[in-house]
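Here are my notes for you to read alongside the structure. Please keep the sequence and the 3D view open while you go through the points in order.

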Amino acid sequence: MEVVLSSVLLVIGLVMLCFGGNWLVSGGVGIAKKFRISNLVIGMTIVAYGTSTPELAASIAAAGDHSAIILGNIVGSNIANVGMVIGVAAILVPLVVRKSVLRKEIPIMLGVSMLLVLISVDGEISQYDGVLLLIGLGVFALYTFRDALKQRETSKDDVNPGKNNVYLKSAGLIGIGVVVLYIGAILTVDNAVIIATEFGLSEKIIGLTVIAIGTSLPELITSIIAIRKGHTDIGIGNIIGSNIYNILMIMGVGAALGGVLITSDVYVDYAIMIIFSISLLIGLKTGIINRTMGVILATGYVLYLVTAFFK
């Protein structure tokens with residue numbers, strides 16, 4: 001009976017993710033137009049922060065006694081964001097991306113991933129490491145803020161001062177979207193864990209697969225909605241921003257609260273995370289992620305899930 005109830009709540013959570021993602025994208029686009037900020041920056045900041053709230057909630061809840069879930073959630077989510085989200089989105093609609101993404105944002109994502117590997121070599125991501133990651137988050141936030149101001153200054157579009165209600169409406173949509181995404185993700189993750197536990201899965205596997213997929217659903221839904229509406233930059237920016245925030249913000253907070261122990265087998269997952277990111281870099285060299293690349297990414301992710309279950 002518990003499994004049946006969890007299945008119903010899981011479906012409700014998924015529906016909430018769909019609605020929350022739609023409102024978040026709509027509000028983000030409104031803000032971008034109001035303040036002459038590019039969709040890419042909005043995707044990497046407001047939308048990425050919003051869709052990363054489930055990972056943050058899951059990591060805070062798991063801090064201390066369940067650090068394996070934190071690590072699995074972050075690494076698994078970053079793999080899912082590229083393999084599942086970018087893969088599925090590219091299969092639906094080929095993704096055209098600006099070359100600046102290749103030159104700046106994706107290398108930053110790779111650099112942050114390498115930083116995570118480096119601070120793990122002593123077998124623990126300590127509270128001091130957590131503080132270091134949070135400092136890195138501040139630096140990245142400053143970088144994106146300055147980039148947004150620069151784009152705004154060079155924009156020639158005029159803003160109509162008589163449309164202040166646009167800002168309020170967009171801010172309201174973003175707020176409602178984040179709350180609905182958060183509640184939907186909690187329902188989805190909690191009930192997915194209950195169902196997975198019935199099948200005897202370990203905490204690490206639950207973190208790498210069930211929770212990682214569950215907390216990546218906002219990115220998936222939001223990115224697909226954005227891309228289907230023609231806002232490819234928001235979809236791509238959402239994924240890149242989320243992967244950076246997952247390490248700097250989510251792992252930073254999780255480690256600062258109680259440290260995270262590292263096991264030797266996690267380096268395999270680290271390597272897969274970096275390989276997926278590099279494959280995205282290669283796919284963007286032409287300025288487009290086509291359906292073939294999408295199929296490769298999605299297939300690679302499915303193979304990763306299969307091997308994770310049989311470790």
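**Notes on a predicted model**

1. I begin with helix α11, which covers residues 291-309 and so has 19 residues. From its first C-alpha to its last it reaches 27 Å, close to the 27 Å expected at 1.5 Å a residue. Please bear in mind, here and in every later point, that this is a predicted model.

2. Which residues of α11 are buried? They are Met293, Gly294, Leu297, Ala298, Tyr301, Tyr304, Leu305 and Ala308. When you look down the axis of α11, these buried residues fall within an arc of 130°, so they line one face of the helix. On the other side of α11 you will find Thr292, Ile296 and Leu303, which are exposed.

3. The N-terminal end of α11 also deserves a look, since Asn290 caps it. A side-chain oxygen of Asn290 lies 3.2 Å from the backbone nitrogen of Thr292, and Thr292 is one of the exposed residues named above.

4. Turning to the chain as a whole, its secondary structure comes to 11 helices and 4 strands. Of its 311 residues, 54% count as buried, while the surface that the chain exposes is about 13,400 Å², with carbon and sulfur atoms supplying 70% of that area. Among the contacts in the chain with a separation of 6 or more, 88% are between residues 24 or more positions apart.

5. Helix α2 (residues 39-51) is a useful second case to set beside α11. It has 13 residues, but its end C-alpha atoms are only 16 Å apart, short of the 18 Å that a straight helix would reach at 1.5 Å a residue. Of those 13 residues, 10 are buried, so α2 is largely enclosed by the rest of the structure. The buried residues include Val41, Met44, Thr45 and Ala48, and I name these because they return in the next two points as contact partners of residues in other helices.

6. Thr144 lies in helix α6 (residues 127-154), and with a relative accessible area of 8% it is buried. Which residues does Thr144 touch, not counting those up to four places away in sequence? They are Val41 and Thr45, both of which are on the list of buried residues of α2. The side chain of Thr144 also reaches the backbone oxygen of Ala141, at 2.9 Å.

7. Gly241 is found in helix α9 (residues 232-258). Is Gly241 buried or exposed? At 0% relative accessibility, Gly241 counts as buried, because a residue is called buried under 20%. Leaving aside its neighbours within four places in sequence, Gly241 is in contact with Met44 and Ala48. The C-alpha atoms of Gly241 and Met109 are separated by 8.0 Å, although the two residues are 132 residues apart along the chain.

8. Helix α7 (residues 164-198) holds Thr188, and Asn191 is found in α7 too. Thr188 is buried, with a relative accessible area of 3%, and Asn191 counts as buried at 5% relative accessibility. Not counting residues up to four places away, Thr188 touches Leu10, Gly13, Leu14, Leu17, Gly214 and Leu217, whereas Asn191, with its neighbours within four places left aside, is in contact with Ser6, Leu9 and Leu10. Leu10 is therefore a name to look for in both lists, where a contact means heavy atoms within 4.5 Å.

9. The polar surroundings of Asn191 can be described in some detail. Its side chain makes a polar contact with the side chain of Ser6 at 3.4 Å, and a polar atom of the Asn191 side chain lies 2.7 Å from the backbone oxygen of Leu187.

10. Lastly, consider the nonpolar interior. The largest nonpolar core has 76 residues, and those with the most contacts inside it are Leu71, Ile125, Met251 and Tyr270. Leaving aside neighbours within four places in sequence, Ile125 is in contact with residues that include Leu71, Met251 and Tyr270. Apart from this core lies another, of 7 residues, among them Ile69, Val189, Ala192 and Ile211.

Definitions and conventions: Residues numbered from 1 in each chain as written. Predicted model: local features only at pLDDT ≥ 70, side-chain atom pairs only at ≥ 80, totals over all residues. Heavy atoms only, no water. Expected span 1.5 Å × (residues − 1). Buried < 20%, exposed > 50% of the residue type's maximum accessible area, 1.4 Å probe, protein only. Arc of directions from axis to C-beta. Polar contact = N/O pair within 3.5 Å; in protein donor to acceptor, adjacent residues only side chain to side chain. Areas by Shrake-Rupley, 256 points an atom, 1.4 Å probe, with all protein chains shown as cover. Core = buried A, V, L, I, M, F, W, Y, C linked by side-chain atoms within 4.5 Å.
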